[in-house]
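Biologist: I should like to learn how the features of a structural model are read. May we look at one together?

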Amino acid sequence: MVHDLYQEIILDHSKRPRNCHSMDDATRQADGYNPLCGDKLKLYLKMEDDIVKDVSFVGSGCAISKASASMMTQALKGKRTEEAEGLFEEFHSIVTGKRAANTQVLGKLAVFSGVSEFPVRVKCATLAWHALHAALHGQEQPVSTE
Ligand code: ZN
């Protein structure tokens, strides 16, 4: 089966990214950079009692990196740290082709399974997630996908 990398939902999120703004009252933030493609982003998290109360990002990059960041922020609100990490693991396994998408866990994020057929795009798709991981762990150093 041939997946279309640029499915409608991915195009829509890349053109009109959701939660794409800075956050003054963020409790955590992290920077991510994908030198392979030039994607850059800053992720903002507002944590409250181990729950993602709010999440946003700013950045520039290709359609895949923007759509992934946008859809990630939508999926994260209300999640506990552990659930957010679980989602990252699940997402990482589908974009690297290790597992078929579990749509019950991933919801709309399952469309990114098409990325597994384009290895060069994997880092674009996971950039925001690596920044999320760094932010959740209070990592100060910018994360690079390289
Ligand atoms: Zn990219």
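Biologist: Are Asp-39 and Cys-62 buried or exposed?

Modeller: The model is a predicted one. A residue counts as buried when its relative accessible area is under 20%, and both Asp-39 and Cys-62 are buried.

Biologist: Which residues coordinate the zinc ion?

Modeller: One looks for donor atoms around the metal. Here the zinc ion is coordinated by Cys-37 (SG), by Asp-39 through two OD entries, by Cys-62 (SG) and by Cys-124 (SG), at 2.2 to 2.6 Å. Along the chain these donors follow the spacing C-x1-D-x22-C-x61-C. Distant parts of the chain are linked by the pair Asp-39 and Cys-62: Asp-39 belongs to strand 2, while Cys-62 sits in the loop between strand 3 and helix 2, 23 residues apart.

Biologist: How is empty space inside a model found, and how many cavities of 30 Å³ or more are there?

Modeller: Rolling a probe the size of a water molecule over the atoms shows where empty space is left. In this structure the count comes to one cavity of 30 Å³ or more. The largest cavity has a volume of about 50 Å³.

Biologist: Which residues line the largest cavity?

Modeller: The lining consists of Asp-39, Lys-40, Leu-41, Phe-57, Gly-59, Ser-60, Ser-65, Lys-66, Ala-69 and Leu-127. Asp-39 thus appears both in this lining and among the residues that coordinate the zinc ion. At least two residues of the lining come from each of strand 2, strand 3 (51-60) and helix 2. By character, the lining divides into four nonpolar, three polar and three charged residues.

Biologist: What span should helix 3 have, and why?

Modeller: One reckons 1.5 Å a residue, so the 15 residues of helix 3 (residues 81-95) should span 21 Å; the end C-alpha atoms are 21 Å apart, which agrees. Just after helix 3, Gly-97 takes a positive phi of about 75°.

Biologist: Against which elements do the buried residues of helix 3 pack?

Modeller: They pack against strand 2 (39-48), helix 2 (63-76), helix 4 (103-106) and helix 5 (122-136). Among the buried residues of helix 3 are Leu-87, Glu-90, Phe-91 and Ile-94.

Biologist: Which residues does Leu-106 touch?

Modeller: Leu-106 is found in helix 4. Leaving aside residues up to four places away in sequence, Leu-106 touches Leu-87, Glu-90, Phe-91, Ile-94 and Ala-101. Its relative accessible area is 5%, and therefore Leu-106 is buried. Leu-106 and Leu-136 are 30 residues apart in sequence and 19 Å apart in space, C-alpha to C-alpha.

Terms used
Residues numbered from 1 in each chain as written. Predicted model: local features only at pLDDT ≥ 70, side-chain atom pairs only at ≥ 80, totals over all residues. Heavy atoms only, no water. Helix = DSSP H or I, 4+ residues; strand = E, 2+ residues; numbered from the N terminus. Expected span 1.5 Å × (residues − 1). Buried < 20%, exposed > 50% of the residue type's maximum accessible area, 1.4 Å probe, protein only. Contact = heavy atoms within 4.5 Å. 1 Å grid on protein atoms, 1.4 Å probe; cavity = no way out; pocket = protein on both sides within 12 Å on 5 of 7 lines; lining within 4 Å. Points joined across faces, edges and corners; volume = space filled by probe spheres on them. Nonpolar A, V, L, I, M, F, W, Y, C, P; charged D, E, K, R; others polar. Donors = N, O, S within 2.8 Å, 3.2 Å for Na, K, Ca; no water.
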